[in-house]
Amino acid sequence: GSSSAFGVDSGSKLTVSGQIMMAPSSTLSGDAGFVKFGSGTLVVGGTGDNVVTGAVTVLEGTLELNKSGGATPFSGDLVIGDNRSGGAAATVKLTQADQIPDLNFYKTRVNSVTVNSNGKLDLNNLSDRVGDLNLATGQSTSAQVSSGTGTLTLTGDVQVTGNADSSGASPAARISGNLNLGTFFSGATGVATRTIDVGDTAAAN
């Protein structure tokens, strides 16, 4: 099926503390996830697992992850921002630890977190584990990941890619705080080495 969306206006906060139950696709291969838009804040909380196996995409504003009791806010990939130069910033912020799934719902594949050039992942002094981490460099803004006093642990690899409008004058995509290279996943998409691939910008300057 098609993805669902949550829109939150500037200056507003929407808290969803009940379970989000996405409908599976017609092929029963999973759901289409959901999109967050609008410059306000969406808080996903509560104590029950959300049944969201597709990608969660934050186009603008803030998504706060606040599940407690070991509950998961989603089980698929995470995309933060949309690479628009000068576009609205998009942030995912943890208010509880261990919110982002490093493996898919079936524990058979490493998930990915993609932080585009106008995106930020803020662990807010908490700790979490992610699968593959993809960062984008843009013209005037680039991906930012901050752990504060917490620790970001990897199950997968790190890749930095320059957008078409990036150049040598672009700010660097950055991981600040504490990064743990983690342990290796033994499933089908697991690897025996950890790779950090930093690509060139599109133009030299």
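The legends below describe close-up views of a predicted model.

**View 1. The open sheet and its edges.** Eight strands make up an open sheet in the order E1-E3-E5-E7-E9-E12-E14-E16, and their pairing is parallel. Strands E1 and E16 stand at the edges, where each has a single partner strand, so one side of each is left without a neighbour in the sheet. From one strand to the next, the twist averages 10°. At one of these edges, E1 pairs with E3 in the parallel sense over four bridges, and within this pairing Ala 5 has Val 35 in E3 as its bridge partner.

**View 2. An aromatic pair between strands E1 and E3.** Phe 6 and Phe 34 form an edge-to-face aromatic pair, with 5.2 Å from centre to centre and 80° between the planes. Phe 6 belongs to strand E1 (residues 4-7) and Phe 34 to strand E3 (residues 34-37), so the contact ties together parts of the chain that are 28 residues apart in sequence. Both Phe 6 and Phe 34 are buried. The count of aromatic pairs in the model comes to two, and the pair of Phe 105 and Tyr 106 is shown in the next view.

**View 3. The aromatic pair of Phe 105 and Tyr 106.** The ring centres of Phe 105 and Tyr 106 lie 5.1 Å apart and the ring planes stand at 90°, so this pair is edge-to-face. Phe 105 has a relative accessibility of 47% and therefore counts as partly exposed, while Tyr 106, with a relative accessibility of 56%, counts as exposed. The residues of the pair in the preceding view, Phe 6 and Phe 34, are by contrast buried.

**View 4. Thr 57 in strand E5.** Thr 57 lies in strand E5, which covers residues 56-58. Its relative accessibility is 17%, and Thr 57 therefore counts as buried. Thr 57 and Phe 37 are separated by 20 residues in sequence, and the distance between them in space is 8.7 Å from C-alpha to C-alpha.

**View 5. Two salt bridges.** A search of the whole structure finds two salt bridges. In one of them, the side chains of Arg 109 and Asp 77 meet at 3.6 Å, N to O. Arg 109 lies in the loop between strand E8 (90-94) and strand E9 (112-115), and Asp 77 in the loop between strand E6 (61-67) and strand E7 (78-80), so this salt bridge ties together parts that are 32 residues apart in sequence. Arg 109 counts as partly exposed, at 32% relative accessibility. A salt bridge also joins the side chains of Asp 82 and Arg 84, with an N to O distance of 2.7 Å. Asp 82 is partly exposed, with a relative accessible area of 25%, and Arg 84 likewise counts as partly exposed, at 42% relative accessibility.

**View 6. Asparagines with positive phi in the loop between E10 and E11.** Most residues other than glycine have a negative phi. Asn 124, although not a glycine, has a positive phi of about 60°, and Asn 125, also not a glycine, has a positive phi of about 65°. Asn 124 is found in the loop between strand E10 (119-122) and strand E11 (128-130), and Asn 125 is likewise found in the loop between E10 and E11. With a relative accessibility of 28%, Asn 124 counts as partly exposed, and Asn 125, at 44%, also counts as partly exposed.

**View 7. Strand E13 and its parallel partners.** Strand E13 (residues 144-154) pairs with E10 in the parallel sense over three bridges, and in that pairing the bridge partner of Asp 122 is Ser 146 in E13. E13 also pairs with E11 in the parallel sense over three bridges, with Asp 128 standing opposite Leu 152 in E13. The parallel pairing of E13 and E15 runs over six bridges, and here Leu 152 stands opposite Leu 179 in E15.

**View 8. A nonpolar surface patch.** Ile 175, Leu 179, Leu 181, Ile 196 and Val 198 make a nonpolar surface patch of about 420 Å². Strand E15 (174-180) and strand E16 (196-198) each supply at least two residues of this patch, and one of the patch residues, Ile 196, is found in strand E16. Leu 179, another member of the patch, is the residue of E15 that stands opposite Leu 152.

Methods. Residues are numbered from 1 along each chain as its sequence is written. This is a predicted model: local features need pLDDT of at least 70, side-chain atom pairs count only at pLDDT 80 or more; totals for chains, interfaces and linings use all residues. Side-chain values use heavy atoms; hydrogens and water are left out. Rings of Phe, Tyr and Trp (its six-membered ring) pair if their centres lie within 6.5 Å; planes under 30 degrees apart count as stacked, over 60 as edge-to-face and the rest as tilted. Buried means under 20% relative accessible area, exposed over 50%, partly exposed in between (1.4 Å probe, protein chains only). Patches are made of residues with over 30% relative accessible area and no salt bridge: like charges are joined within 9 Å, nonpolar side chains (Val, Leu, Ile, Met, Phe, Trp, Tyr) within 5 Å. Accessible areas come from the Shrake-Rupley method with a 1.4 Å probe; for residues, only the protein chains shown count as cover. A salt bridge is a side-chain nitrogen of Lys or Arg within 4 Å of a carboxyl oxygen of Asp or Glu. Two strands pair if DSSP finds at least two bridges between them. Axes are lines fitted to C-alpha atoms, for helices over the stretch in contact, and angles run from 0 to 180 degrees between N-to-C directions.
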